[in-house]
Amino acid sequence: MLELGKAGSAGTEKGVLPVLRDGVVVATLRASTWKEAATAVVGDREWVLAKRRGTLTGRWAGEPEDAARLRARQTSFWKGTWEADLEGATLRSEVVSRWKGGYRYLAGDRVVAQTGTTGGWSPRPTLTPDESLPLEHQVFLLWLALVMSRRDQAASTAAIAGGAAAAGGS
């Protein structure tokens, strides 16, 4: 299982999230606070992860901005489904649980990865991948889980604020 660690922990510098497998750093992620963007380092390769025209993409750092080796786009807002193209391998997602959250990624009918969260006050995304999924694809799906959790958190905050305003609160 991959786990997104706390920024600056496990020997990473401030602002860098370690990607951990069994407590060992296997990659790093420097996620933007304000945009759906990040830089990931997997092995000796740097990846640029960003949102372009409504699609989340991943490309090698030296490639042109319009290049995309990895892509993910939401296919249904209401169902919460996504489709990911990982260098030609197409995965579709489905929500595991509306209450607990998490997504299951399928290649045909075979589950190749599932997201979840760590426990505690500040839950962080986790990914349980099939061993056949390359590490850079696993890191992309983990970043996608981070983006989804931030979107969910923003929607919850907006709903709470909207409810307070409707009730006459400030």
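The structure holds 3 aromatic pairs. One of them joins F77 and W78: the ring centres lie 5.1 Å apart and the planes meet at 80°, so the pair is edge-to-face. An angle over 60 degrees is what places a pair in that class. Both F77 and W78 are exposed. Another pair is formed by F140 and W143, with centres 5.9 Å apart and planes at 45°, so this pair is tilted. F140 and W143 are both buried. They belong to helix α1, which covers residues 135-166, and because they are 3 residues apart in that helix, about one helical turn separates them. In general, a pair of aromatic rings is described by the distance of the centres and the angle of the planes. All of this refers to a predicted model.

The strands come next. A closed barrel of 12 strands runs in the order β1-β2-β3-β4-β5-β6-β7-β8-β9-β10-β11-β12, and the pairing is antiparallel. On average, neighbouring strands of this sheet are turned by 20° against each other, with direction ignored. Strands of a sheet pair through backbone hydrogen bonds, in either a parallel or an antiparallel arrangement.

Strand β6, residues 55-60, is a useful place to look at the barrel in detail. Of its 6 residues, 5 are buried, so β6 is largely enclosed by the rest of the structure. A residue counts as buried when its relative accessible area is under 20%. On one side of the pairing is strand β5, residues 45-52, which is joined to β6 by 6 bridges and runs antiparallel to it. Within this pairing, L49 has G58 of β6 as its bridge partner. Strand β6 also pairs with strand β7, residues 70-76, in the antiparallel sense over 3 bridges. Here G58 stands opposite L70 in β7. G58 therefore appears in both pairings, as the bridge partner of L49 and as the residue opposite L70, in a strand that has 5 of its 6 residues buried.

The connection from β5 to β6 is a hairpin with 2 residues between the strands. R53 is found in this loop between β5 and β6. Its phi is near 50°, a positive value in a residue other than glycine. R53 is exposed, with a relative accessible area of 77%; a value over 50% is what counts as exposed.

A second loop can be read in a similar way. Strand β2, residues 17-21, and strand β3, residues 24-31, run antiparallel and are joined by 5 bridges. L20 has V25 in β3 as its bridge partner. D22 lies in the loop between β2 and β3. Phi of D22 is near 55°, again a positive value in a residue other than glycine. D22 is exposed, and its relative accessible area is 72%.

The last contacts concern charged side chains and a ring. R45 lies over the face of W60, at 3.5 Å from the ring centre. R69 also lies over the face of W60, at 3.3 Å from the ring centre. R45 belongs to β5, which spans residues 45-52, while W60 belongs to β6, which spans residues 55-60.

Definitions and conventions
Residues are numbered from 1 along each chain as its sequence is written. This is a predicted model: local features need pLDDT of at least 70, side-chain atom pairs count only at pLDDT 80 or more; totals for chains, interfaces and linings use all residues. Side-chain values use heavy atoms; hydrogens and water are left out. Buried means under 20% relative accessible area, exposed over 50%, partly exposed in between (1.4 Å probe, protein chains only). Helices (H or I, at least four residues) and strands (E, at least two) are DSSP runs, numbered from the N terminus. Two strands pair if DSSP finds at least two bridges between them. Axes are lines fitted to C-alpha atoms, for helices over the stretch in contact, and angles run from 0 to 180 degrees between N-to-C directions. Rings of Phe, Tyr and Trp (its six-membered ring) pair if their centres lie within 6.5 Å; planes under 30 degrees apart count as stacked, over 60 as edge-to-face and the rest as tilted. A charge sits over a ring if NZ of Lys or CZ of Arg is within 6 Å of the ring centre and within 35 degrees of the ring normal.
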